[in-house]
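Here is a set of exercises to work through with the model open beside you. Try each task before reading its solution.

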Amino acid sequence: MSLTKSLKPGGRHGLSSQESRDPIGLAVAALSLVAQSDLIDRIGLRKRTEQAVFTVTRNGFKTMTAASRTFARGGKKDAPGVRVPAATPKGVFDLTPTEDEQMLVDVVTEFADEVVRPAAAEADETCTAPEALLKASLEIGLPILGVPESLGGISEERSAMAGTLVAEALARGDMGLAVATLAPGSVATAISLWGTEAQQATYLPAFTGDDVPAAALALTEPAVLFDVLQPSTTAVRRGDSYVLNGTKSLVVRGAEAELFVVGAELEGQPVLFLVESSTDGLAVEGDPAMGVRAAGLTRLTLTDVTVPADAVLGATDGSTYLECVRLSRLAWCALAVGTGQAVLDYVTPYVKEREAFGEPVAHRQSVAFMVANIAIELQSMRLLTYKAASRAAAGKDFSREVALARNLCASKGMQIGLDGVQLLGGHGFVKEHPVERWYRDLRAIGVMEGSVLV
C-alpha cells in the first residue's frame with residue numbers, strides 16, 4: 001500500500017506549522033530556516049547559528065498541542081472491534097522469520113542503511129526527525145503493520161514478531177529516528193488490539209489513508225522512582241465523561257501529534273484513554289533528553305481534560321494497560337538489540353584496523369574479549385526478545401519472558417554502549433563517531449516506558 005502524503009508536521013524542533021507559536025517557537029523556526037541556508041557559510045556565521053539553535057532547543061518551548069483533524073465518528077460504540085487471530089504455532093521452538101517477515105525486514109534494513117543512518121547525527125543535534133524521512137517511513141507501511149487487513153492494514157495475524165524484527169532493523173540505523181517513525185503505528189496497533197468497533201472506525205482510516213497523523217503513547221511521568229503501573233495522572237468519572245489531570249513526559253513528537261493514548265489511574269486501576277490533541281486543557285513543551293533525541297521528546301500536561309466515556313481504550317480492570325506496558329517493553333528490547341548490533345558492527349572493523357605499537361589493537365586479548373562479550377550478550381538479548389515476541393504473537397502468556405528480556409536488555413544493552421565507547425578510546429567520546437550517541441540511546445531502555453509497542 002502506498003502512503004504518499006503525510007501530515008504536514010511543522011517545522012523543526014517538534015513545533016507544528018498548524019499552531020500559533022510563542023516567541024521561543026518563532027525563534028526556533030526562524031533560526032532553523034537560517035541554518036538551512038548556504039548564505040551563513042559564505043558569511044562565516046555557521047557556528048554562531050548552530051549555537052543559537054542548540055541553545056533554544058536546549059531551553060525548550062512551551063505551547064498548546066497541535067490542532068487535531070476532525071476524526072469522522074463511525075461504528076457501534078459498544079460493539080467489539082476487529083481482532084487478528086494469534087499466530088499459528090509451529091510445534092517446535094523455531095525463531096526463523098517467515099518469508100513475508102524476512103521480506104519486510106529486508107526492506108526496512110535497506111531503509112535504515114540508506115535513509116535513517118545518514119540522517120541520524122543531524123536529527124540528534126536538532127531534536128527532530130526530518131520530514132522527508134518520516135514520509136519515506138510511510139511508504140514502507142510502518143503505521144499499518146499491526147492493523148488488520150480487513151481494516152486497511154497488512155496484518156493477517158498477531159504482529160508482535162514482525163514488529164520486533166522491524167524495530168530491531170530500524171534501530172540499527174538510529175534508535176531515536178526508529179522511535180519517531182514507529183510512534184504513529186504504535187497507536188494504530190493499540191487501537192487494533194483493544195479498540196471497539198467505533199474507535200476503529202473513527203481513527204484507523206486516518207492511519208491507513210494517505211494523510212497519516214502523528215500520534216503518541218503517553219505512559220511515562222516525570223517522577224522520582226516512577227512506577228509505570230501506578231500512574232499519578234488521574235481520571236475521574238463525571239456523568240458521561242472522564243476528566244483527566246496529570247503530566248506525561250518523554251512523549252514522542254508530542255507537539256505535532258493529533259492523537260494520544262494516555263495512561264491514567266481510574267478507581268484504583270491503570271487505564272488507557274484516547275485523547276485528541278484538539279481537546280481543551282492539553283499543553284506541550286519541549287522535553288529534550290540525554291538520548292533518543294531525534295524522536296522529538298516532549299512533556300504533555302493535562303489540566304481538566306474532558307473526554308467522552310467511549311474514550312476508554314480496552315478494559316478498565318488494568319489488564320489492557322498491563323498488556324500495553326509489556327508490548328511496549330518488548331519493543332524497547334528490540335530497539336536495544338538493533339542498536340547493540342550497530343555498535344558491534346562498528347567496533348569490529350575499527351579494532352582490526354586501528355593500530356597501536358605496530359599491530360591492530362584487536363590482537364590484544366583484552367580488546368578481543370571485550371568484542372566477544374558484546375557479541376555474546378547481544379545474542380542472548382536477541383534470543384530472549386524473540387522468544388517473548390513469539391509467545392505474544394501466539395497469544396500466550398509472555399509476562400515472564402518479557403520481564404527477563406527487559407532486565408537483560410536494560411543492563412547488557414547499556415554495557416554494550418559503554419564497551420563500544422571504551423573500544424574506540426578517545427574517538428568513542430567525540431561526536432565524529434556515532435558510538436557515543438548509541439551509548440546515550442541505550443540508556444533509555446531501562447527508563448522510558450510506552451512510546452512504542454509491537
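## Exercise 1: One face of a helix

The buried residues of helix 5 pack against helix 4 (99–126) and helix 7 (175–194). Helices (H or I, at least four residues) and strands (E, at least two) are DSSP runs, numbered from the N terminus. Buried means under 20% relative accessible area, exposed over 50% and partly exposed in between, with a 1.4 Å probe and protein chains only. Before starting, please note that this is a predicted model: local features need pLDDT of at least 70, side-chain atom pairs count only at pLDDT 80 or more, and totals for chains, interfaces and linings use all residues. Residues are numbered from 1 along each chain as its sequence is written, and side-chain values use heavy atoms, with hydrogens and water left out.

Task: find which residues of helix 5 are buried, and work out why they lie on the same side of helix 5.

Solution.
- Step 1. Helix 5 spans residues 131–139, and its buried residues are Leu-133, Leu-134, Ser-137 and Leu-138.
- Step 2. These residues cover an arc of only 150° around the axis, so they are on the same side of helix 5. The arc is that of the directions from the helix axis to the C-beta atoms.
- Step 3. As background, an α-helix has 3.6 residues a turn, so residues three or four places apart point the same way.
- Step 4. Now look past the end: helix 5 is followed by Gly-141, whose phi is positive, near 80°.

## Exercise 2: Three salt bridges

Task: for the salt bridges of Glu-168, Arg-299 and Glu-436, find the partner and say where each pair sits.

Solution.
- Step 1. Begin with the count: there are 15 salt bridges in the structure. A salt bridge is a side-chain nitrogen of Lys or Arg within 4 Å of a carboxyl oxygen of Asp or Glu.
- Step 2. Glu-168 pairs with Arg-382, with 3.0 Å between the closest N and O atoms. This pair links distant parts of the chain, 214 residues apart: Glu-168 is in helix 6 (residues 160–171) and Arg-382 in helix 10 (residues 365–393). Both Glu-168 and Arg-382 are buried.
- Step 3. Arg-299 has Asp-287 as its salt-bridge partner, the closest N and O atoms being 3.6 Å apart. Arg-299 lies in strand 8 (residues 297–308) and Asp-287 in the loop between strand 7 (282–286) and strand 8, so the pair ties together parts that are 12 residues apart in sequence. Arg-299 is partly exposed at 28% relative accessibility, whereas Asp-287 is buried at 12%.
- Step 4. Glu-436 meets Arg-440, with the closest N and O atoms 3.0 Å apart. Both lie in helix 12 (residues 435–442), four residues apart, about one turn of the helix. Glu-436 and Arg-440 are both buried, and a network of salt bridges links them with Asp-124.

## Exercise 3: The partners of strand 8

Task: how many bridges join strand 4 to strand 8, and how many pair strand 7 with strand 8?

Solution.
- Step 1. Strand 4 (residues 241–252) runs antiparallel to strand 8, and nine bridges join them. Two strands pair if DSSP finds at least two bridges between them.
- Step 2. To find this pairing on screen, look for Val-252 opposite Leu-297 in strand 8.
- Step 3. Strand 7 and strand 8 are also antiparallel, over five bridges. Here Gly-286 has Thr-298 of strand 8 as its bridge partner.

## Exercise 4: Two buried residues

Task: describe the surroundings of Val-275 and Thr-220.

Solution.
- Step 1. Val-275 is in strand 6 (residues 269–276) and is buried, at 0% relative accessibility.
- Step 2. Beyond its neighbours within four places in sequence, Val-275 has contacts (heavy atoms within 4.5 Å) that include Leu-244, Phe-260 and Val-305.
- Step 3. Thr-220 is in the loop between strand 2 (215–218) and strand 3 (234–238), and is buried with a relative accessible area of 5%.
- Step 4. A polar atom of the Thr-220 side chain lies 2.6 Å from the backbone oxygen of Glu-449. Beyond neighbours within four places in sequence, Thr-220 also has Phe-226, Lys-248 and Met-448 among its contacts.

Conventions
A polar contact is a pair of N or O atoms within 3.5 Å; within protein, one must be able to donate a hydrogen and the other to accept it, and residues adjacent in sequence count only if both atoms are side-chain atoms.
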